[in-house]
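Take a look at the chain below. Follow it from one end to the other before reading on.

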Amino acid sequence: MSEKFGEQLTIDDVARAAMFSKFHFTRMFQQATGVTPGRFLSALRLAEAKRLLLSTPNSVADISHQVGYNSVGTFSTRFSARVGISPTLFRQRGGVAPANQLPGNTGSRAVVRGRLTAQGPVFVGLFPGRIPEGRPVCHTVLDGPGPYVLPGVPDGSWHLHAYPHDPGAPTRQVAHEGPLTIRSGPVDRLLDIRLRPVRPFDPPVLLAPPERTTAPAAAGSAA
């Protein structure tokens with residue numbers, strides 16, 4: 001899948017290559033990755049588009065075709081929704097999203113906290129799904145090992161994702177915990193974070209990392 005995402009690849013094709021029925025392949029794939037084959041393939045395409053936008057002079061239209069999209073409009077819409085900014089802005093800003101692109105605190109009393117055991121800077125955020133994409137409901141950027149706090153976590157089921165805050169560089173280490181269920185009322189959840197090497201079945205990081213501010217802050221808002 002990672003070698004042929006630029007082709008008009010279907011899940012039937014991938015299942016056939018793996019010598020499984022489509023149903024059995026989809027079930028096993030989702031158990032291994034936490035997402036469907038279709039979502040994983042889409043994430044691979046967008047991750048490659050991010051790389052091409054920063055490393056080549058190719059136009060957005062050319063890149064959209066290189067990663068398997070027939071329509072540049074569909075590509076741009078999907079890229080903007082999942083990466084957080086448009087392909088053009090992503091390139092102009094060197095892969096960094098404006099700090100004000102991410103949501104602000106809603107006043108929820110739920111808190112997720114813990115300790116990071118990794119050198120920084122490291123992005124830590126809560127997302128609705130297994131892929132770090134779109135808008136995190138809460139986030140912070142840590143300069144190094146030590147405690148972190150994500151205040152104002154809204155009710156829901158969230159996945160904690162952490163990875164180096166290094167725009168433009170391949171993501172080589174990640175951490176994932178979840179799903180984490182937050183219910184109404186004051187909640188204080190402890191989750192320590194230890195980065196590990198990326199594995200073949202880890203979905204790629206799609207969110208453009210936020211611009212660093214003088215005092216990295218957590219944020220919370222329903223997506």
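The report below goes through the fold, the sheet, the salt bridges and the largest pocket.

## Overall build

This is a predicted model. The chain has 6 helices and 8 strands. How are these elements ordered from the N terminus on? The six α elements are written before the eight β elements, in the run α-α-α-α-α-α-β-β-β-β-β-β-β-β.

The chain holds 223 residues, and 45% of them count as buried. Its accessible surface comes to about 11,000 Å². Carbon and sulfur atoms own 52% of that surface.

Now consider contacts in the chain with a separation of 6 or more. Residues 24 or more positions apart account for 70% of them.

## Strands and the open sheet

Strands of a sheet pair through backbone hydrogen bonds, either parallel or antiparallel. Which sense appears here, in the sheet of 5 strands? The pairing is antiparallel, and the sheet is open. Its order is S3-S2-S5-S6-S8. Strand S3 (138–142) and strand S8 (196–197) stand at the edges. Each has a single partner strand, so one side of each is left without a neighbour in the sheet.

Start with S2 and S5. Strand S2 covers residues 122–127, and strand S5 covers residues 156–164. The two run antiparallel and are joined by 6 bridges. Val124 stands opposite Ala162 in S5. Phe127 has His159 in S5 as its bridge partner.

Next come S5 and S6. They also pair in the antiparallel sense, over 6 bridges. Here Trp158 stands opposite Leu180 in S6.

## Two cis peptide bonds

Two prolines deserve a look. The peptide bond from Gly120 to Pro121 is cis, with omega near 0°. Where does Pro121 lie? Pro121 sits in the loop between strand S1 (111–116) and strand S2 (122–127).

The peptide bond from Gly178 to Pro179 is cis too, with omega near 5°. Pro179 is not in a loop: it is found in strand S6, residues 173–182.

## Salt bridges

Side chains of opposite charge can pair when their charged atoms come close. How many salt bridges does the structure hold? It holds 7. Three of them are listed here, with the distance between N and O atoms.

| Acidic residue | Basic residue | N to O distance |
|---|---|---|
| Glu133 | Arg39 | 2.3 Å |
| Glu133 | Arg82 | 3.8 Å |
| Glu211 | Arg93 | 3.4 Å |

Begin with Glu133 and Arg39, which form a salt bridge. Glu133 lies in the loop between S2 and S3, and Arg39 lies in helix H3 (residues 37–55), so the pair ties together parts that are 94 residues apart in sequence.

Glu133 also meets Arg82 in a salt bridge. Arg82 belongs to helix H5 (residues 72–83), so this pair ties together parts that are 51 residues apart in sequence. Arg39, Arg82 and Glu133 are thus named together as a network of salt bridges.

Are these residues buried or exposed? Glu133 is buried, with a relative accessible area of 16%. Arg82 is buried as well, at 17%. Arg39 counts as partly exposed, at 32% relative accessibility.

The third pair is Glu211 and Arg93. Glu211 lies in the segment after S8, while Arg93 lies in the loop between helix H6 (87–92) and S1, so the pair ties together parts that are 118 residues apart in sequence. Glu211 counts as partly exposed, at 39% relative accessibility. Arg93 also counts as partly exposed, at 29%.

## The largest pocket

What is the volume of the largest pocket? It is about 700 Å³. The pocket is lined by 30 residues. Ala47, Ala169, Pro170, Thr171 and Val205 lie nearest its centre.

Which elements supply at least two residues each of the lining? H3 and S5 do. The largest share, 8 residues, comes from H3. H3 is also the helix that holds Arg39, from the salt bridge with Glu133. S5 is also the strand that pairs with S6 in the sheet.

Definitions and conventions: Residues numbered from 1 in each chain as written. Predicted model: local features only at pLDDT ≥ 70, side-chain atom pairs only at ≥ 80, totals over all residues. Heavy atoms only, no water. Helix = DSSP H or I, 4+ residues; strand = E, 2+ residues; numbered from the N terminus. Buried < 20%, exposed > 50% of the residue type's maximum accessible area, 1.4 Å probe, protein only. Contact = heavy atoms within 4.5 Å. Areas by Shrake-Rupley, 256 points an atom, 1.4 Å probe, with all protein chains shown as cover. Pairing = 2+ DSSP bridges. Salt bridge = Lys/Arg side-chain N within 4 Å of Asp/Glu carboxyl O. 1 Å grid on protein atoms, 1.4 Å probe; cavity = no way out; pocket = protein on both sides within 12 Å on 5 of 7 lines; lining within 4 Å. Points joined across faces, edges and corners; volume = space filled by probe spheres on them.
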